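This report describes how the strands and helices of one protein chain are arranged, and then turns to the setting of a single residue. Please look at the sequence and the structure before reading on.

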Amino acid sequence: MKRFHVHLHVDDLDRSVGFYSQLFAAQPARIESDYAKWMLEDPPVNFAISTCGSKPGIDHLGIQTDDADELAALKARAQAADMALLDEGTTTCCYARSEKHWITDPQGVAWEHYYTLGNIPVFNEAPQPAPGTAPACCAPMDSRSTAKQASSCC
């Protein structure tokens, strides 16, 4: 089964957790100081919010798969659609270790396709940003450029 994924950047995590918990009639499946995630069954969606990123709103969209075969099928579709592809392979982001790749749609919206391999205790295992700078989220840094040219923050 595949699950739709939405990741939003929010300014106030606590207020947003309260809002989305009421909206979904469910508490987050995971909550951290800078991140919360709901794994909804009806409709099946992985909805995540975090305080990292440059501005509030949609950070990226995606499709989470249950196995490597589904991920390979999504990768083949992205390549057939002539979309530039950034293949991260095994990486860490959003408190998880995943196998993933990115594409950018014609409007510049970043899409990730991924298969979660397991949880980790930190947002990502990339080097931490310099003091006074905001941590990067997982979407390619400039989703308006092609995914091949974009470097991932995770």
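Contact is taken here to mean heavy atoms within 4.5 Å. The model is a predicted one, and the values below are computed from it.

## The sheet

The model has an open sheet of 8 strands, in which the pairing is mixed and the order runs β2-β3-β4-β1-β5-β8-β7-β6. Its edge strands, each of which pairs on one side only, are β2 (30-32) and β6 (85-93). Ignoring direction, neighbouring strands of this sheet are turned against each other by 20 degrees on average.

Within this order, strand β1 (residues 3-9) pairs with strand β4 (residues 44-50) in the parallel sense, over 6 bridges. One residue pair illustrates the register, since F4 has V45 in β4 as its bridge partner.

## The helices on the sheet

Helix α1 packs on the sheet and touches β1, β2, β3 (35-41) and β4, with a direction that makes about 10 degrees with that of β3. Helix α2 (residues 68-80) also packs on the sheet, where it touches β5 (57-65), β6, β7 (96-104) and β8 (110-119), and its direction makes about 165 degrees with that of β8.

## The setting of S16

S16 lies in helix α1, which spans residues 13-24. Because its relative accessibility is 14%, and buried means under 20%, S16 counts as buried. When neighbours within four places in sequence are left aside, the residues in contact with S16 are V10 and I49.

Terms used: Residues numbered from 1 in each chain as written. Predicted model: local features only at pLDDT ≥ 70, side-chain atom pairs only at ≥ 80, totals over all residues. Heavy atoms only, no water. Helix = DSSP H or I, 4+ residues; strand = E, 2+ residues; numbered from the N terminus. Buried < 20%, exposed > 50% of the residue type's maximum accessible area, 1.4 Å probe, protein only. Pairing = 2+ DSSP bridges. Axes fitted to C-alpha atoms, helices over the stretch in contact; angles between N-to-C directions.
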